[in-house]
Amino acid sequence: MNRETRKKPLVFSLVIATFLTAIEGTIVSTAMPKIVGDLGGSHLYTWVISVYLLATVITTPIFGKLADLFGRKKMFVIGVIIFLIGSTLSGFSQTMGQLVVFRLVQGIGAGALATLPFTIIGDVFTFEERGKVQALMSSVWGISGIIGPLTGGLIVDTISWHWIFFMNIPFGIISLFLF
């Protein structure tokens, strides 16, 4: 397998991981009224979203530094695993307090997924190739902003709000496998 052929699964892996991070904020926002209806705890409504974003913002530079020290691949895999653990636990939440804590865990993992794909692209691709790949990665954020609310509403209306978290699991596993 030549170098170019190996890059395609890597890019797909990074796109999936970035998409999981990007869509999570908008998909959960749409589902929040149903979640609060089921779990109660409306006073924690904003924390479910805020703690995820706060954890992501705080851990993004930390994962960047850890990737410099211990390797990008290792920290990316750890970040995906933490994100998936947080997603799974969030899906099993029985109270709003639990959901806030589990979203914190998910946000910690998202800190790796928000920064490391761009760093990995910088390491793997030549200067000439980076523009195309970076554009693809950046478009994921815009696409998720459109798809997230639609997907969140559809999942909540047809299945259950729990599945907005559980749906991350197969995609995260595919991302790890391709990586």
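**Figure 1. Val124 in helix 4 of the predicted model.** Val124 is partly exposed, because its relative accessible area is 22% and the buried class ends under 20%. The residue belongs to helix 4, which covers residues 96-124. Val124 and Leu10 lie 114 residues apart along the chain, and their C-alpha atoms are separated by 9.5 Å.

**Figure 2. The whole protein, shown for orientation of the close-ups.** The protein contains seven helices and zero strands. Its order along the sequence is α-α-α-α-α-α-α. The radius of gyration is 16 Å, close to the 16 Å given by the globule rule for 179 residues, so the protein is as compact as a globular protein of that length. Along the principal axes, the C-alpha atoms fill a box of roughly 50 × 30 × 25 Å. Of the 179 residues, 45% count as buried. When contacts between residues at least 6 apart in sequence are considered, 80% of them join residues at least 24 apart.

**Figure 3. Packing of helix 2 against helix 3.** Helix 2 spans residues 45-70 and helix 3 spans residues 72-91; they pack at an angle of about 155°, with their axes 8 Å apart. This angle makes helix 2 roughly antiparallel to helix 3, because angles over 145 degrees are classed that way. The crossing of the two helices is right-handed. From helix 2, the contact is made by Tyr52, Phe63, Leu66, Ala67, Asp68 and Phe70. Helix 3 contributes Arg72, Lys74, Met75, Gly79, Ile82 and Phe83. Sorted by class, the residues of this contact are eight nonpolar, one polar and three charged.

**Figure 4. Crossing of helix 2 and helix 4.** The axes of helix 2 and helix 4 come within 6 Å and cross at roughly 35°. The crossing is right-handed. In the contact of helix 2 with helix 4, 18 residues are nonpolar, eight are polar and one is charged.

**Figure 5. Ser93 in the loop between helix 3 and helix 4.** Ser93 has a relative accessibility of 1% and therefore counts as buried, since the cut-off for that class is under 20%. Leaving aside neighbours within four places in sequence, Ser93 is in contact with Leu39, Gln98, Leu99, Phe102, Trp161 and His162. Ser93 and Ile35 are 58 residues apart in sequence, with a C-alpha to C-alpha distance of 9.9 Å.

**Figure 6. Contact of helix 3 with helix 7.** The axes of helix 3 and helix 7 come within 10 Å and cross at roughly 170°. The two helices are therefore roughly antiparallel to each other, because that class takes angles over 145 degrees. On the helix 3 side, the residues of the contact are Phe76, Val77, Val80, Ile81, Phe83, Leu84, Ser87 and Thr88. These meet Asn168, Ile169, Gly172, Ile173, Ser175 and Leu176 in helix 7. The contact of helix 3 with helix 7 divides into nine nonpolar, five polar and no charged residues.

**Figure 7. Ser175 and its surroundings in helix 7.** Ser175 lies in helix 7, which runs over residues 168-178. With a relative accessibility of 1%, Ser175 counts as buried. Not counting residues up to four places away in sequence, Ser175 touches Ser13, Ile16, Ala17 and Phe76. Of these, Phe76 is one of the helix 3 residues in the contact with helix 7, and Ser175 is one of the helix 7 residues there.

**Figure 8. Leu178 in helix 7.** Leu178 is partly exposed, with a relative accessible area of 24%. Not counting residues up to four places away in sequence, Leu178 touches Pro9, Leu10, Phe12, Ser13 and Ile16. Ser13 and Ile16 are also among the residues touched by Ser175. Leu178 and Ile16 are 162 residues apart in sequence, and their C-alpha atoms are 9.9 Å apart in space. Leu10, another of the residues touched by Leu178, is also the partner of Val124 in the 9.5 Å C-alpha separation described for helix 4.

Technical notes. Residues numbered from 1 in each chain as written. Predicted model: local features only at pLDDT ≥ 70, side-chain atom pairs only at ≥ 80, totals over all residues. Heavy atoms only, no water. Axes fitted to C-alpha atoms, helices over the stretch in contact; angles between N-to-C directions. Helix = DSSP H or I, 4+ residues; strand = E, 2+ residues; numbered from the N terminus. Parallel < 35°, antiparallel > 145°, perpendicular 65-115°, else oblique. Left-handed = near helix turned anticlockwise from the far one by under 90°. Contact = heavy atoms within 4.5 Å. Nonpolar A, V, L, I, M, F, W, Y, C, P; charged D, E, K, R; others polar. Buried < 20%, exposed > 50% of the residue type's maximum accessible area, 1.4 Å probe, protein only. Rg over C-alpha atoms; globule rule 2.2 N^0.38 Å.
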